[in-house]
Amino acid sequence: MFGTKERITVKVKLFSGLDSQAIIDSYDPDAGINLQIVKGARLKKIFKTIGLSRKESMVYFINGKKVDVNEKLKNGDVLFIMKPVSGG
């Protein structure tokens with residue numbers, strides 16, 4: 001169909017209290033949330049979709065690999081977003 005972009009599904013899991021900052025209804029921290037996005041979208045698009053500000057320091061992992069916000073997402077990717085933590 002003309003003008004229709006292919007969509008993919010990615011799973012997003014939020015940690016370090018980010019779920020309370022996002023605009024997601026009934027977020028289940030164990031299951032995360034499945035999002036439908038346009039094929040070829042980059043990680044930074046997720047922030048607008050779930051209502052998170054990128055002003056805060058965060059780290060991102062796709063399928064267990066640390067990435068930056070310009071990483072392209074693929075169908076079935078699992079994205080972890082968290083605040084960096086340290087301890088001693």
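Guide: A strand here is a DSSP run of E with at least two residues, and strands are numbered from the N terminus. The model above is predicted. In it, Lys13 lies in strand 1.

Visitor: Lys13 has no salt bridge, so what is the nearest side chain of opposite charge?

Guide: A salt bridge needs a Lys or Arg side-chain nitrogen within 4 Å of a carboxyl oxygen of Asp or Glu. Lys13 is buried, and its nearest candidate is 6.0 Å away. Leaving aside neighbours within four places in sequence, Lys13 still has contacts, among them Tyr27, Pro29, Gly32 and Phe80. The nearest side chain of opposite charge is Asp30.

Visitor: How many salt bridges does the structure hold?

Guide: Side chains of opposite charge can pair when their charged atoms come close. Here Lys39 pairs with Glu6, and their closest N and O atoms are 3.7 Å apart. The number of salt bridges in the structure is one.

Visitor: How many residues apart in sequence are the parts that Lys39 and Glu6 tie together?

Guide: Lys39 sits in the loop between strand 2 and helix 2. Glu6 sits in the segment before strand 1. The salt bridge therefore ties together parts whose separation in sequence is 33 residues.

Visitor: Is Lys39 buried or exposed?

Guide: The exposed class starts over 50% relative accessible area. Lys39 has a relative accessibility of 51%. Lys39 therefore counts as exposed.

Visitor: In what order do the five strands of the open sheet lie?

Guide: Follow the pairings. Strand 1 and strand 2 are antiparallel over six bridges. Strand 1 also runs parallel to strand 5, with four bridges, and strand 5 is antiparallel to strand 3, again with four bridges. Strand 3 then joins strand 4 through three antiparallel bridges, so the pairing is mixed and the order is 2-1-5-3-4.

Visitor: Which are the edge strands?

Guide: An edge strand of this sheet pairs on one side only. Neighbouring strands are turned by 35° against each other on average, direction ignored. The edge strands are strand 2 and strand 4.

Visitor: What is the bridge partner of Ile62 in strand 4?

Guide: Strand 3 covers residues 59-62. In strand 5, the partner of Ile62 is Leu79. In strand 4, the bridge partner of Ile62 is Lys65.

Visitor: Which residues form the covered face of strand 5?

Guide: Strand 5 covers residues 78-82. Its uncovered face has Val78, Phe80 and Met82. Val78 is also the bridge partner of Lys11. The covered face is Leu79 and Ile81.

Visitor: Which residues form the covered face of strand 2?

Guide: The uncovered face of strand 2 has Asn34, Gln36 and Val38. One residue of the other face, Leu35, is the bridge partner of Val10. The covered face is Ile33, Leu35 and Ile37.

Visitor: Which residues touch the most other members of the largest nonpolar core?

Guide: In soluble globular proteins, nonpolar side chains tend to be buried together. The largest nonpolar core here has 25 residues. Those that touch the most other members are Val12, Leu14, Ile46, Tyr60 and Ile81.

Visitor: Which element gives the most to this core?

Guide: The elements that give two or more residues are strand 1, strand 2, helix 2, strand 3 and strand 5. The top contribution is four residues. It comes from strand 1.

Visitor: Is Ser26 buried or exposed?

Guide: Ser26 lies in the loop between helix 1 and strand 2. Its phi is near 50°, a positive value in a residue other than glycine. At 76% relative accessibility, Ser26 is therefore classed as exposed.

Visitor: What is the relative accessibility of Asn63?

Guide: Asn63 lies in the loop between strand 3 and strand 4. Its phi is near 50° too, positive although the residue is not glycine. Asn63 counts as partly exposed because its relative accessibility is 47%.

Visitor: Is Gly32 buried or exposed?

Guide: Gly32 is in the loop between helix 1 and strand 2. Beyond four places in sequence, Gly32 touches Val12, Lys13 and Tyr27. Its relative accessibility is 14%, so Gly32 counts as buried.

Terms used: Residues numbered from 1 in each chain as written. Predicted model: local features only at pLDDT ≥ 70, side-chain atom pairs only at ≥ 80, totals over all residues. Heavy atoms only, no water. Buried < 20%, exposed > 50% of the residue type's maximum accessible area, 1.4 Å probe, protein only. Pairing = 2+ DSSP bridges. Core = buried A, V, L, I, M, F, W, Y, C linked by side-chain atoms within 4.5 Å. Lys, Arg positive; Asp, Glu negative; His and termini not counted. Contact = heavy atoms within 4.5 Å. Axes fitted to C-alpha atoms, helices over the stretch in contact; angles between N-to-C directions.
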